[in-house]
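Let's take a walk through this structure together, one part at a time. Have the sequence and the 3D view ready, and follow along as we go.

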There are 2 protein chains.
Amino acid sequence: MDVLEVLAEPARRRIVDALLTREASVGDLVSALGMSQPAVSKHLRVLREAGLVSARAHAQQRIYRLEPGPFRELDAWLTPFRSLWTRHLDALERHLLEGETP
Amino acid sequence: MDVLEVLAEPARRRIVDALLTREASVGDLVSALGMSQPAVSKHLRVLREAGLVSARAHAQQRIYRLEPGPFRELDAWLTPFRSLWTRHLDALERHLLEGETP
DNA sequence: CCGTAACATGCCTTGACGGGTATATAACCA
DNA sequence: TGGTTATATACCCGTCAAGGCATGTTACGG
């Protein structure tokens with residue numbers, strides 16, 4: 001599954017937002033999201049298989065944390081689109097400069 | 001519909017990628033994507049309603065172009081996640097500095 | 001005014017996905 | 001070892017969205 005498809009799910013976005021602060025166990029996320037444990041585990045599986053999170057075992061718990069890779073991918077994909085508003089700024093600048101040099 | 005949900009669709013990503021180069025009519029996009037015209041029109045509707053593209057009329061054609069707003073939103077959403085790999089760099093720097101000062 | 005070109009919409013079907021309940025699996029504890 | 005905690009899987013159901021076909025709608029061209 002692609003990064004954007006994975007993050008399209010609101011529940012999964014809440015998970016990554018939660019993991020942004022600190023890593024968390026499945027139980028922590030269940031409490032935080034107010035969803036059933038199986039539902040959370042399924043979302044975590046999707047996130048894991050897409051490489052957005054990784055898990056390590058601590059006792060019976062599985063501690064999940066964010067992984068940078070896919071977010072960097074998304075950042076890279078977004079890059080060419082940034083010219084949409086930087087070019088816009090350029091146009092504004094030109095406009096201002098034209099006004100400044102009569 | 002949210003920006004991420006809109007862009008989760010591969011077809012819609014192909015559309016915005018195509019529009020990155022230049023604006024295009026519906027017919028242009030139909031040729032470019034090899035999809036049926038109604039399918040393309042429906043995707044364009046979704047993109048339009050989410051503010052990712054705008055359309056202007058030229059004869060019987062509708063010329064579509066990208067709109068910066070939602071992409072900036074996405075960029076903003078992504079911002080806190082950038083610390084995932086910049087922090088990573090910091091850690092690397094610290095590691096290197098520790099090596100440099102024995 | 002009529003035919004046609006370029007899009008948009010409606011309807012229908014199908015497939016995928018999310019959520020829940022019940023159950024398997026794994027690791028700790030007494 | 002037996003029980004308990006923490007998480008993963010299996011199965012089922014409802015929903016929703018994407019695609020195709022057919023059909024409206026709008027703007028030109030003669």
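## Starting at the DNA

Let's begin with DNA strand D, which has 22 residues around it; A:Gln37, A:Ser41, A:Tyr64, B:Lys42 and B:His43 are the closest. Of the strand D atoms that come within 4 Å of the protein, 65% belong to sugar and phosphate. Keep in mind as you look that this is a predicted model.

Now zoom in on some individual contacts. The side chain of A:Tyr64 has a polar atom 2.6 Å from a phosphate oxygen of DNA strand D. From chain B, B:His43 brings a side-chain N or O atom to 2.5 Å from a phosphate oxygen of this strand, and a polar side-chain atom of B:Arg12 sits 3.0 Å from a phosphate oxygen of DNA strand D. Stepping back to whole elements, you'll find that α3 (26-33), α4 and β3 (61-66) of chain A, along with α4 of chain B, each give two or more residues to the surface near strand D. Which element gives the most to that surface? It's α4(A), with five residues. Sorted by class, the surface near DNA strand D is made of seven nonpolar, nine polar and six charged residues.

Next, swing over to DNA strand C. It has 22 residues around it, and A:Lys42, A:His43, B:Ser41, B:Arg45 and B:Tyr64 come nearest. Here, sugar and phosphate make up 58% of the strand C atoms that come within 4 Å of the protein.

The individual contacts on this strand are worth a look too. B:Tyr64 has a polar side-chain atom 2.7 Å from a phosphate oxygen of DNA strand C. A:Ser36 also reaches a phosphate oxygen of strand C, with a side-chain N or O atom 2.9 Å away. And what does B:Gln37 have a polar side-chain atom 2.8 Å from? That one is a base nitrogen of DNA strand C.

As for the elements behind this surface, at least two residues each come from α4 (37-49) of chain A and from α3 (26-33), α4 (37-49) and β3 (61-66) of chain B. The biggest giver near DNA strand C is α4(B), with five residues. The class count for the surface near strand C reads seven nonpolar, nine polar and six charged residues.

## Where the two chains meet

Now turn to the contact between the protein chains. Chain B puts in 24 residues, and chain A puts in 24 residues. The size of an interface is often given as the accessible area lost when the parts come together. For chain B and chain A, about 2400 Å² is buried between them, and 76% of that is on carbon and sulfur atoms. On the chain B side, B:Leu20, B:Phe81 and B:Trp85 lose the most area to chain A, and together they account for 23% of what that side buries.

There are charged links here as well: six salt bridges run between chain B and chain A. One of them pairs A:Asp75 with B:Arg82, whose closest N and O atoms are 2.2 Å apart. On the side of chain B that touches chain A, the elements giving two or more residues are α1 (3-8), α2 (10-21) and α5 (68-100) of chain B. The largest share, twelve residues, comes from α5(B). By class, that side of chain B divides into 16 nonpolar residues, no polar ones and eight charged ones.

## The sheets

Let's finish with the strands. In chain B, three strands make an open sheet in the order β1-β3-β2, with antiparallel pairing. β1 (24-25) and β2 (53-58) of chain B are at the edges with a single partner strand each, so one side of each has no neighbour in the sheet. Two bridges connect β1(B) to β3(B). You've met one residue involved already: B:Tyr64, in β3(B), is the bridge partner of B:Ala24.

Chain A also has an open sheet of three strands, in the order β1-β3-β2 and with antiparallel pairing. Its edge strands are β1 (24-25) and β2 (53-58) of chain A, each pairing on one side only. Two bridges join β1(A) to β3(A), which run antiparallel, and A:Ser25 stands opposite A:Ile63 in β3(A).

Methods: Residues are numbered from 1 along each chain as its sequence is written. Chains are lettered from A and ligands numbered from 1 in the order in which they are written. This is a predicted model: local features need pLDDT of at least 70, side-chain atom pairs count only at pLDDT 80 or more; totals for chains, interfaces and linings use all residues. Side-chain values use heavy atoms; hydrogens and water are left out. A residue is near a molecule or strand if one of its heavy atoms lies within 4 Å of it. A polar contact is a pair of N or O atoms within 3.5 Å; within protein, one must be able to donate a hydrogen and the other to accept it, and residues adjacent in sequence count only if both atoms are side-chain atoms. Helices (H or I, at least four residues) and strands (E, at least two) are DSSP runs, numbered from the N terminus. Ala, Val, Leu, Ile, Met, Phe, Trp, Tyr, Cys and Pro count as nonpolar, Asp, Glu, Lys and Arg as charged, and the others, Gly among them, as polar. Contact means heavy atoms within 4.5 Å. Buried area is the accessible area (1.4 Å probe) that two parts lose on being put together, summed over both. A salt bridge is a side-chain nitrogen of Lys or Arg within 4 Å of a carboxyl oxygen of Asp or Glu. Two strands pair if DSSP finds at least two bridges between them.
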